Amino acid sequence: MVCLGQAKRERELSSIDAANDPVLTASETAKSVREIPRNRTGSALKKADNRAAYMFLLPWFAGIILITALPMLASLYLSFTNYAVIGLPSFVGFDNYVRLFTSDRRFITSIWVTLKYVGFSVPLVLLFSLTIAVALNRGLRGLAIYRSLFYVPSLIGASVGIGLLWKEVFGERGVVNDILALFGVAGRGWINNPTFALPSVIALNVWTFGASMVIFLAALRQIPESYYEAASIDGANAWQRFRRITLPLITPVIFFNTVLLLINSFQSFTQAFVVSNGRGGPVDSTLLYSLYLYQQAFQQLQMGYASAMAWILLIAIGLATALMFWSSRYWVFYGDR
Amino acid sequence: MATVKTYDPELLRAERRKRENIRRLKGLGLHALLITILGVMLYPVIWMVLSALRPETEIFGDMGFIPTNWTLENFVRGWQLYGDLTFTQFYVNSFIICALAIIGNLLACSMAAYAFARLEFRGKWWLFAIMLGTMMLPIHVQLIPQYIFFLNIGWVNTILPLVVPKFLAHDAFFIFLMVQFMRSLPHELEQAAIVDGASYWQRYWRIILPLSMPALATTAVFTFINTYNDFFSQLIYLTDTDRMTVPVALRLFLDPSGGSSSFGGLFAMVLVSIGPVLGFFLASQRLLTKGIATQGFK
């Protein structure tokens, strides 16, 4: 994806593209495994470079074993134990899992909160990012500036600072109420109201749609202009051109963005933490899964219990991703362009 | 459409002019729409900037949108919120971690990427698949044992748990990014080096790395932004006040005893805290493009 030729083309179009190439490259993730042939001969080298290759991979090997694989195994084991950091873990079988689903009401709440959070923010981000990307892709002047400005929230949206700002913006004396007052609507404290706290956090997530937008924009630019010209000659209107040309051609990118957003939003933590001062309130309305896991692990020191939660999260994300891949064969169009 | 019924050049020209005007009008409308959306989106940030620059007492008053009494007192107060410990210390802490994270990611990820992109070896396909798979793992399944392990070897409350994983190529995303880039580099240069008797290391260090500048620069920028914004692991691993980084320190504004009464100080420090990210981003835009421009082939 990031070949020099493309890089050169992009450079002429705008400066920000370079910064966003990585995001773009990632859109090839799904295809990429297939793209590495099992035995490639086109390389500069005829014979295998086994030893050198393993040397270059040494740090990565060490990392994969020491900070990924072993901790994962340990975490799986801990999930079947009762462990409070001090002392030794005591094996309790499936007890943690049973307790989570049968007698922990906050756990069930955190699942609902997370599902609502993911279920609203992912489609909204997709909608906003695609709409703005299509609008920007019409040969507008100042495209690079627009793109940078729309991207700014994505740069800062995950920070504690913006979480603090959001708390004030949606607070009783915040900007949202100032604006509502202009229309004569009486304001309220959004962030400390059980009904509106989660929507406020979702709004913050949707606010950062710029990252997805940049990926959409890059994909839109690769659709040949001639497709649209041909369709226009045939009398297709703007909506038909979007529906019949744009949309099918960018389904792989919609798929990629959806998977990425799903994985990320399932793990959201910082903003709910900041907005509720680490408690997930009011009345557990912003108790995202990660936040509850953090509370169990690092405030209650229930390491075994929290490990069980971690594995349930892993399985949930795995299932959601698998579902996406399964469904993709019905709606993702991998045509030869 | 009855556009080209006649060949009268005057009519044709008028027609074209009309269409041109409609197009321009549509363009203007689109600009207006986009600017409105941007205005709404960025309004909270603008509000924060203006609030940080006005006296504490006027922030929530009906003093108009533009401050009448400009002041920097909020920045001074916010900077020194914790008595002896100022944000200077928190920034130093943050930047040390960021710098080490960048070095670690650049070195370890580019080495792994070089092997995946340019070398042939047994098990490559499987290892690459594993590498991609780790990108999807939620950190939670590793977090707790990692924490217990780091606790037992005395690394908690040091920067090591935040930095050492970077030197072990833990951020698979950047490996992937560099693999994609390195794969596209032509083989001729490396072949010439082989003929000249260059070792694997020389080929990596002298040829592939310099050519991969754009990918390296992107990695550096995104590592900085991610590490600087990272809250979760810094919250867990850094507990002493003098070890705290900017995001962890900002969190103290939430503490009722910490000084949340000072909204001016809060806004000022939030503004200062997002500064480096925006600055790095703006500066890197030019650097990144120059990187591409100078590294191309003639």
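1. pLDDT is the predictor's confidence in each residue, from 0 to 100. In this predicted model, residues 290-298 of chain B keep a pLDDT under 50 throughout. The model has 14 contacts beyond four places in sequence for residues 290-298 of chain B. Where pLDDT is low, predicted coordinates should not be read in detail.

2. Overall scores come next. The average pLDDT of chain B is 85, and 90% of the residues score at least 70. For the model, ipTM is 0.84 and pTM is 0.85.

3. On domains, the assignment splits chain B into domain 1, covering 17-76, and domain 2, covering 85-295. Taken over C-alpha atoms, the centres of domain 1 of chain B and domain 2 of chain B are 34 Å apart.

4. How many residues of domain 1 of chain B are in contact with domain 2 of chain B? There are eight, and they meet nine residues of domain 2 of chain B. On the domain 1 side, α1 (9-52) and α2 (73-79) of chain B each supply at least two residues. The largest share there, four residues, is from α1(B). By type, the residues of this side of domain 1 of chain B are five nonpolar, two polar and one charged.

5. The contact between the chains involves 85 residues of chain A and 82 residues of chain B. Which element gives the largest share of the side of chain B that touches chain A? Helix α13 of chain B (residues 263-295) does, with 15 residues. The chain B side divides into 59 nonpolar residues, 17 polar and six charged. A reader of this interface should note that the low-scoring run, residues 290-298 of chain B, has pLDDT under 50, while helix α13 of chain B spans residues 263-295.

6. The largest nonpolar core holds 153 residues. Which residues have the most contacts inside this core? They are Ala112(B), Ala113(B), Ile175(B), Met178(B) and Val270(B). Helix α3 of chain B (residues 87-118) gives the most to the core, namely 15 residues. Both domains of chain B take part: domain 1 (17-76) and domain 2 (85-295) each provide at least three residues of the core.

7. One of the core residues can be followed further. Leaving out residues up to four places away in sequence, Ala113(B) touches Ile175(B), Met178(B), Val179(B) and Met182(B). Among these partners, Ile175(B) and Met178(B) are also listed with the most contacts inside the largest nonpolar core.

Definitions and conventions
Residues numbered from 1 in each chain as written. Chains lettered and ligands numbered in written order. Predicted model: local features only at pLDDT ≥ 70, side-chain atom pairs only at ≥ 80, totals over all residues. Domains from an automatic or database assignment. Contact = placed C-beta atoms within 7 Å. Nonpolar A, V, L, I, M, F, W, Y, C, P; charged D, E, K, R; others polar. Core = buried A, V, L, I, M, F, W, Y, C linked by C-beta atoms within 7 Å. Buried ≥ 20, exposed ≤ 12 C-beta atoms within 10 Å, placed from the backbone.
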